[in-house]
Amino acid sequence: MKKAMNWLKSIRPLKVLTVFLAGTFFFLTQACGAPGIATQPPQPGAQAPNIERYDPTKDYPLNSPAGGMNNFSDVDPRARDEKAANDRADALAKNAQRNIDQKSVDSPRQYGENYKQGTPLGERVKNLGEDIGSSAEEVRKGVVKGTQRGIENIKGNTQNAAEDVTTNVQRGAEDAGRNVRRTADDAGNAVKRAVD
């Protein structure tokens with residue numbers, strides 16, 4: 001009886017409430033979340049309207065071999081809709097023709113003539129030379145700036161290294177002095193102990 005009473009005392013109301021809510025949730029999801037509406041079962045002897053029974057004596061037509069996997073077409077016959085693809089192809093062809101008409105270029109020769117009517121060759125060469133010159137100047141400036149930064153970094157690193165070496169030498173000298181004092185103190189203490 002004591003065990004039963006201890007067990008009842010150890011049950012916490014929060015645990016009981018949690019189990020109750022979980023059970024209620026499970027019950028409601030099963031009862032109310034059914035995917036379809038319950039219907040009357042079919043009557044014996046009545047046949048569903050869209051069901052054909054397989055007749056083993058009858059010869060059913062199969063897909064003709066098409067060279068795909070297992071000698072049949074790899075494309076689902078229900079998914080073939082060539083009309084949409086043809087409509088899309090026609091729209092793209094019309095768009096391309098419209099673009100050609102808007103540009104008013106009928107042949108490569110006409111395109112060449114339009115190009116020749118633009119900037120004369122001498123000016124194009126001059127512009128190209130100026131572009132190359134400005135690009136070379138920008139590269140030169142970039143190299144100069146990079147070199148200056150590198151030199152400044154080297155100077156700073158050298159100064160830092162010199163300061164670090166000086167600091168390390170000073171610390172080493174101080175540590176050596178402390179070690180000599182400790183050794184002398186330890187030797188003096190050892191002599192005192194030996195004398196006592």
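Three salt bridges are present in the structure, which is a predicted model.

One of these pairs Arg140 with Glu137, with a distance of 2.5 Å between the closest N and O atoms. Both residues belong to helix H5, which spans residues 121-195, and their spacing of three residues corresponds to about one turn of the helix. Arg140 is partly exposed, at a relative accessible area of 45%, and Glu137 is likewise classed as partly exposed, at 33% relative accessibility.

Helix H5 also carries a salt bridge between Glu174 and Arg178. The N to O distance in this pair is 3.8 Å, and the two residues lie four positions apart, about one turn of the helix. Arg178 forms a further salt bridge with Asp175, at an N to O distance of 2.9 Å. Because Arg178 and Asp175 are three residues apart in helix H5, about one helical turn separates them. Through shared partners, the salt bridges link Glu174, Asp175 and Arg178 into one network. Each member of the network is partly exposed: the relative accessible area is 45% for Glu174, 37% for Asp175 and 38% for Arg178.

A nonpolar patch of about 670 Å² was also identified on the surface, made by Met1, Met5, Trp7, Leu8, Ile11 and Val16. Helix H1, residues 2-10, supplies the largest share of this patch, with three residues. Met1 is located in the segment before H1. Met1 counts as exposed because its relative accessibility of 80% lies over the 50% cut-off.

Notes. Residues numbered from 1 in each chain as written. Predicted model: local features only at pLDDT ≥ 70, side-chain atom pairs only at ≥ 80, totals over all residues. Heavy atoms only, no water. Patch = residues over 30% accessible without salt bridge, like charges linked within 9 Å, V, L, I, M, F, W, Y side chains within 5 Å. Areas by Shrake-Rupley, 256 points an atom, 1.4 Å probe, with all protein chains shown as cover. Salt bridge = Lys/Arg side-chain N within 4 Å of Asp/Glu carboxyl O. Buried < 20%, exposed > 50% of the residue type's maximum accessible area, 1.4 Å probe, protein only.
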